[in-house]
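This report describes a protein chain from its overall form down to selected residues. The sequence and structure are shown first, and the description follows.

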Amino acid sequence: MTENPTTPDLPRVRLKPKANARGMRRGFPWVYDNDLVTDRRTRAITPGALAVLEDSERNPISLVAVNPSSKIICRVLDTDLNARVDTGWFATRLERALALRERLYDARCYRLVHAEADGMPGVVIDRFGDTCVVQPNAAWADARIDQLAEALAQVTGVTTILKNASGRTRALEGLDDQSSILLGEAPTKPLQVPMNGATYMADLTGGQKTGLFYDQRPNHAFAAGLAKDARVLDVFSHVGGFALATLAGGAASALAVDGSAPALELAEKGAEAGGMADRFTTRQGDAFEVLTALGQEGAQFDVVICDPPAFAPNKQALDAGLRAYERIAKLAAPLVAEGGYLGLCSCSHAADLAKFREASLRGIGRAGRQAQLLYTGAAGPDHPQLPQLAESGYLKAVFFRL
């Protein structure tokens, strides 16, 4: 690789001798602050600015974006040191991402860009037909959001692009929480999103994150396959996730539990739009309290699914998070009728599959139930994983027969 002749003044940042330069050359996309020589010049680099990453012997490795304020101090953008990160650069990556999604899905509803796995570190883009919601969760992307939006409109032809600035990741990057409209006009009502035979209502301006979680699509489909004529309980349901999918799969009834009244209202609207309102009910409240109350009431269901938020968002929270997953399983298992099915999910990247599965089985065992493991799922293919980055494979779903 050669130096970038078009930007000869790019700063150089250097790995410490004990840093894993070989891992960087093999595709690991991040440099943590304790692996980089952080002298005065490095600390003075503007968050989001570009630099050339070198190994400890000053051999160039890649073109990176630097944020001295972040624990992830460098994010690899390109192995071509001559790359120009401009509208054309974004368009090339978006074209590649779009080609995959168009092969996977007929409806234009999917995650279009899944951060590092699609070559755009820290960037999430979800598509809802002619509207895209962008989460620029890294300083380099936030600084170039206009170029990104221009390329996005060119490549996809969408007429509305929203910037969603919510989420703790932006705070870790030192970024603000001000969302905005980058193109067109924000929708004035929730959008209908078809998925697995159900209709979901996505609130793109007032909902969680980008408005809908596409990642559970294949796991929704598996649950739907278990649900014909079944009584279903969907805990941490958000806008109807598993409940609406199982109703589309022929469930006799579905009860959705969530702490958010607006989310449950959207779930009800989705059930109405899908012609399933007569089989759908909701219950607002803390999930642990509702599970406890249902147990005291002697309630029984043929299929129970729990899809909680990340109980272990980082290593420091791992032990407490695993205890929470165990408790969920312990409370949910007694609600499953003999021979019924229990689905448990985790979106905590700090809790790997083995640890999550062990915690779930401990909870099931503490409830006095025996289990067969039927299915292990992950996020759908519109959420591809970067093999070198374990964090990109965050979602786990395990289904048991009790």
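In what follows, Lys and Arg count as positive and Asp and Glu as negative, while His and the chain ends are not counted. On that basis the protein chain carries 44 positive and 46 negative charges, and the mean positions of the two sets are 6 Å apart. The model is a predicted one.

## Overall form

The protein chain contains 12 helices and 19 strands. Its radius of gyration is 23 Å, close to the 21 Å that the globule rule gives for 402 residues, so the chain is as compact as a globular protein of that length. Taken along the principal axes, the box filled by the C-alpha atoms is roughly 70 × 45 × 35 Å.

Of the 402 residues, 53% count as buried. The accessible surface of the chain comes to about 17500 Å², and carbon and sulfur atoms account for 48% of that surface. Among contacts with a separation of 6 or more, 63% are made by residues 24 or more positions apart.

## Selected buried residues

Four buried residues illustrate how individual positions are placed. The table gives their relative accessible areas.

| Residue | Relative accessible area |
|---|---|
| Leu291 | 2% |
| Met120 | 0% |
| Ser62 | 3% |
| Thr156 | 12% |

Each of these values can be set against the cut-off for burial, which is under 20% relative accessible area.

Leu291 belongs to helix α10, which spans residues 287-297. When residues up to four places away in sequence are not counted, Leu291 touches Leu233, Val235, Ile328, Leu331, Ala332 and Leu335. Ile45 lies 246 residues from Leu291 along the chain, and the C-alpha atoms of the two are separated by 51 Å.

Met120 is found in the loop between β6 (109-114) and β7 (123-128). Although Met120 has a loop position, its relative accessible area is 0%, and the residue is buried. Beyond its neighbours within four places in sequence, Met120 is in contact with Phe90, Arg93, Leu94, Val113, Ala115, Trp140 and Leu148. The C-alpha atoms of Met120 and Pro190 are 28 Å apart in space, and the two residues are 70 apart in sequence.

Ser62 is part of strand β4, residues 60-66. With neighbours within four places in sequence left aside, the contacts of Ser62 are Ala51, Val52, Leu53, Val76, Asp78, Thr79 and Leu81.

Thr156 lies in helix α5, which covers residues 145-156. Outside its neighbours within four places in sequence, Thr156 is in contact with Leu98, Leu112 and Arg127. Leu264 is 108 residues from Thr156 along the chain, with 32 Å between their C-alpha atoms.

## An enclosed helix

Which residues of α8 are buried? They are Gly241, Phe242, Ala243, Leu244, Ala245, Thr246 and Leu247. Helix α8 spans residues 241-248, and 7 of its 8 residues are buried, so the helix is largely enclosed by the rest of the structure. Gly250 follows α8 and has a positive phi, near 105°.

## Aromatic pairs

A pair of aromatic rings is described by the distance of the centres and the angle of the planes. The structure holds 15 aromatic pairs. In one of them, Trp30 and Tyr32 have ring centres 6.1 Å apart and planes at 85°; planes over 60 degrees apart count as edge-to-face, so this pair is edge-to-face. Trp30 is buried, with a relative accessible area of 11%, whereas Tyr32 counts as partly exposed at 23% relative accessibility.

The rings of Tyr105 and Tyr110 also have centres 6.1 Å apart, but their planes lie at 20°; planes under 30 degrees apart count as stacked, so this pair is stacked. Both Tyr105 and Tyr110 are buried.

Ring pairs also join Phe236, Phe288, Phe311, Tyr325 and Phe356 into a cluster.

Note on methods: Residues numbered from 1 in each chain as written. Predicted model: local features only at pLDDT ≥ 70, side-chain atom pairs only at ≥ 80, totals over all residues. Heavy atoms only, no water. Helix = DSSP H or I, 4+ residues; strand = E, 2+ residues; numbered from the N terminus. Rg over C-alpha atoms; globule rule 2.2 N^0.38 Å. Buried < 20%, exposed > 50% of the residue type's maximum accessible area, 1.4 Å probe, protein only. Contact = heavy atoms within 4.5 Å. Areas by Shrake-Rupley, 256 points an atom, 1.4 Å probe, with all protein chains shown as cover. Charge placed at Lys NZ, Arg CZ, Asp CG, Glu CD. Phe/Tyr/Trp six-rings, centres within 6.5 Å; stacked < 30°, edge-to-face > 60°.
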